[in-house]
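Ready for some practice in reading a protein structure? Work through the exercises below, and try each task before you read its solution.

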Amino acid sequence: MTRLCFKKLCDMLETYGGLRTNRFISIEEQVAIFLHIVAHNVKNRVMICRFHRSGDTISRVVSRVCNAIIRLHPQLLKKPEPVPDNSTDQRWKWFKNCLGALDGTYIKCKVPLEDKPRYRTRKNEIATNVLGVCSQDMQFIYVLPGWEGSAADGRVLRDALLRPHGLKVPRPGYYLVDAGYTNGEGFLAPYRGQRYHLNDWRGGHQPTTPKEFFNMKHSSARNVIERCFGMLKAKWGILRDNSYYPIDSKVRIIMACCLLHNFLMREMPIDPFDNEDEVDEGTGDLAGEDGDNINVVGTSNEWTIFRDNLAQSMFDSWNATN
């Protein structure tokens, strides 16, 4: 983070986040303490030596700055923008009206002994299942942390849609999802039983059917959410390993890190962590809250026909240019 970027963040936290200085510690020092902890995942006693503050002061600063960052969600969360009809982006031009990509990720957490079975993932790790929705330019539109690691992705998505200030999917918009989700209105999944992952297309292999071509382009575009999660965890060390904070605090820290990710994407668009390889309630955009939104996940003949027609038109258009 550059000095100018750091100063702008401090100003926003003071203006919109309600962060205040006092005679003992400035806003800049409070923000520096929080950023150092989330970036390097260091213990309280290490911060006591580095900043010459008491452990109680460090703990209160972390809570105070985290809450201030979360209050910035109206300014920092990306408002979804559908892919226009005249798009020339090689990844997204095939998916008109698409709002972005959606997926879940696991982030390790600290929970009481009696709760560990619920938070245990298939890989036998204690983690929280975090739902993330990002735009085409890798900024978070919606984030829902806090679900147990044993929860299925589909269940987390249904909860996000039913929350009063949850995920909004205005018609005719939709998000790209992987095969672990249901292919239904508002959520476009790939064809199962077909080549999909980007590695499957290396070595000169070319798609021979509409379903294969659809999956290839779907994977290329949906990869944006994988890259987004990758950048998030690369920036903030506290998300890569188990932290020293209980689950309630960890959930709020996850939300704050996602908002900081958006801030850095806007202020520092050239990110060294970017590459082409593979709060107790969610905070998301409220755009279209009073409009015609999709609030259920389920299959339908209309949506299956929509995917088939889209795959065929994509394949025909590609063949016409080759």
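**Exercise 1. A ring and its partner**

Is Phe213 buried or exposed? Keep in mind that you are looking at a predicted model.

*Solution.* Start with the cut-off: a residue counts as buried under 20% relative accessible area. Phe213 has a relative accessible area of 0%, so Phe213 is buried. Next, look at Trp318, which has 17% relative accessibility and therefore also counts as buried. Now compare the two rings. The ring centres of Phe213 and Trp318 are 4.9 Å apart and the planes meet at 25°. Planes under 30 degrees apart count as stacked, so this pair is stacked. Finally, widen the view: Phe213 and Trp318 belong to one aromatic cluster with Trp94 and Phe315.

**Exercise 2. A helix with a bend**

Describe helix H8, and work out why it can be called largely enclosed.

*Solution.* First, find the helix: H8 covers residues 210-235, which makes 26 residues. Second, check its span. From first C-alpha to last, H8 reaches 38 Å, close to the 38 Å expected at 1.5 Å a residue. Third, look for a bend: H8 has a kink of about 30°, centred on Arg222. Last, turn to burial. Of the 26 residues of H8, 21 are buried, so the rest of the structure largely encloses this helix.

**Exercise 3. Aromatic contacts**

How many aromatic pairs does the structure hold, and which parts of the chain does the pair of Phe140 and Phe229 link?

*Solution.* The structure holds 10 aromatic pairs. In one of them, Phe140 and Phe229 sit 6.1 Å apart, centre to centre, with 45° between the planes, and the pair is tilted. To see what this pair links, place each ring: Phe140 is in strand E3 (residues 140-148) and Phe229 is in helix H8. The two are 89 residues apart, so the pair links distant parts of the chain. Then check burial. Phe140 is buried, with a relative accessible area of 0%, and Phe229 is buried at 6%.

There is a charged neighbour to find elsewhere, too: Arg307 lies over the face of Tyr191, 4.1 Å from the ring centre.

**Exercise 4. Looking for disulfides**

How many disulfides are there by the distance rule?

*Solution.* Recall the idea: a disulfide is a covalent bond between the sulfur atoms of two cysteines. The cut-off asks for two cysteine sulfur atoms within 2.5 Å. By this rule the count is zero. Take Cys66 as a check: the nearest cysteine sulfur is that of Cys257, 7.8 Å away, and Cys66 is in no disulfide. Cys66 counts as buried, at 5% relative accessibility. Repeat the check for Cys98, whose nearest cysteine sulfur, that of Cys134, is 9.7 Å away; Cys98 is in no disulfide either. With 0% relative accessibility, Cys98 counts as buried.

**Exercise 5. Backbone surprises**

Where do Pro172, Asn41 and Met138 lie, and what does the backbone do there?

*Solution.* Begin with the general pattern: most residues other than glycine have a negative phi, and most peptide bonds are trans. Now go through the residues in turn.

- Pro172 lies in the loop between helix H7 and strand E4. The peptide bond from Arg171 to Pro172 is cis, with omega near 5°.
- Asn41 lies in the loop between helices H2 and H3. Its phi is positive, near 55°.
- Met138 lies in the loop between strands E2 and E3. Its phi is also positive, near 65°, and Met138 is buried at 7% relative accessible area.

Key: Residues numbered from 1 in each chain as written. Predicted model: local features only at pLDDT ≥ 70, side-chain atom pairs only at ≥ 80, totals over all residues. Heavy atoms only, no water. Helix = DSSP H or I, 4+ residues; strand = E, 2+ residues; numbered from the N terminus. Expected span 1.5 Å × (residues − 1). Bend = angle between axes of the 7 residues up to and from the residue. Buried < 20%, exposed > 50% of the residue type's maximum accessible area, 1.4 Å probe, protein only. Phe/Tyr/Trp six-rings, centres within 6.5 Å; stacked < 30°, edge-to-face > 60°. Lys NZ or Arg CZ within 6 Å of the ring centre and 35° of its normal.
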